[in-house]
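The following exercises are to be worked with the sequence and the model side by side. Each task is followed by a solution in steps.

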Amino acid sequence: MKTNKKVKILVIHGPNLHLLGKRQPDIYGKFTLEEINKELKQEAKKSKIELQTIQSNSEGDIVEAITKGCYDVLIINPAAYTHTSVAIRDALLGVEKPAIEIHLSNIYKREDFRKKSLVSDVVMGTISGFGKTSYTLALEAAINFLQEKQK
Ligand code: DQA
């Protein structure tokens, strides 16, 4: 990267993701959110990128975090709000910042109500179905995007 300005990636984990490890492990895996966050921070550090993580069960808190805009790229797993939240969609549209949507499970392979995402068409791209690797793939995509931008 050309500049020395430290870039920042914000990772938002939506409702019930604090339960990872115990929550439907056959669908979401046996690893905990702490493990995911630790791995993401280690990976980001290798590229000298600051990475902050937030987990919230509250739609309002997630809207606040998105619209504060203290990041260069956002990685978001809106969890159940993916399928319901016009507020989160509007927040993403409002800040016009690069964002990546991720899901642990393949939402297109599950119940019909999960097949509709209200955010997919307002983000750069979506990664769905690779378990915790969905997060690392999103981080790789975010880092590539930032590196291209700074060339
Ligand atoms: C999820 C999929 C959502 O449908 C669900 O409500 C979640 C997690 C995923 O990561 O696979 O809480 O976003």
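**Exercise 1: The nonpolar cores**

In this predicted model, the largest nonpolar core comprises 26 residues, and those with the most contacts inside it are I9, L20, I75, L104 and Y135. Identify the elements that build this core, and state which of them gives the largest share.

*Solution.*
Step 1. Two or more residues each are given to this core by β1 (8-13), α2 (33-46), β3, β4 (99-103) and α5 (133-149).
Step 2. Of these, α5 provides the largest share, with 6 residues.
Step 3. Another core, of 16 residues, lies apart from this one; I66, Y71, V122 and V123 are among its members.
Step 4. As background, nonpolar side chains in soluble globular proteins tend to be buried together.

**Exercise 2: The surroundings of L104**

List the residues that L104 touches, leaving out those up to four places away in sequence.

*Solution.*
Step 1. L104 touches L17, L20, Y28, F31, I36 and N77, and also G129, F130, G131, K132, S134 and Y135.
Step 2. Two of these partners, L20 and Y135, are named with L104 among the residues with the most contacts inside the largest core.

**Exercise 3: N77**

Is N77 buried or exposed? Establish also where N77 lies and what it contacts.

*Solution.*
Step 1. N77 belongs to strand β3, which spans residues 73-77.
Step 2. The relative accessibility of N77 is 3%; because buried means under 20%, N77 counts as buried.
Step 3. Beyond its neighbours within four places in sequence, N77 is in contact with I12, H13, G14, L17, I102, H103, L104 and Y135.
Step 4. With Y135, the side chain of N77 forms a polar contact of 3.3 Å.
Step 5. Q55 is 22 residues from N77 along the chain, and their C-alpha atoms are separated by 9.5 Å.

**Exercise 4: The ligand site**

Describe the shell around the ligand, and determine which polar atoms of N77, H103 and L104 lie 2.8 Å from a ligand oxygen.

*Solution.*
Step 1. Surrounding the ligand are R23, Y28, N77, A79, A80, H83, H103, L104, S105, I107, R110 and R114.
Step 2. By class, this shell divides into 5 nonpolar, 4 polar and 3 charged residues.
Step 3. For N77, a polar side-chain atom is 2.8 Å from an oxygen atom of the ligand.
Step 4. For H103, the atom is an N or O of the side chain, at 2.8 Å from a ligand oxygen.
Step 5. For L104, a polar backbone atom lies 2.8 Å from an oxygen atom of the ligand.
Step 6. The ligand taken alone exposes 320 Å², of which the protein buries 99%.

Definitions and conventions: Residues are numbered from 1 along each chain as its sequence is written. This is a predicted model: local features need pLDDT of at least 70, side-chain atom pairs count only at pLDDT 80 or more; totals for chains, interfaces and linings use all residues. Side-chain values use heavy atoms; hydrogens and water are left out. A residue is near a molecule or strand if one of its heavy atoms lies within 4 Å of it. A polar contact is a pair of N or O atoms within 3.5 Å; within protein, one must be able to donate a hydrogen and the other to accept it, and residues adjacent in sequence count only if both atoms are side-chain atoms. Accessible areas come from the Shrake-Rupley method with a 1.4 Å probe; for residues, only the protein chains shown count as cover. Ala, Val, Leu, Ile, Met, Phe, Trp, Tyr, Cys and Pro count as nonpolar, Asp, Glu, Lys and Arg as charged, and the others, Gly among them, as polar. Helices (H or I, at least four residues) and strands (E, at least two) are DSSP runs, numbered from the N terminus. Buried means under 20% relative accessible area, exposed over 50%, partly exposed in between (1.4 Å probe, protein chains only). Contact means heavy atoms within 4.5 Å. A nonpolar core is a set of buried Ala, Val, Leu, Ile, Met, Phe, Trp, Tyr and Cys residues joined through side-chain atoms within 4.5 Å.
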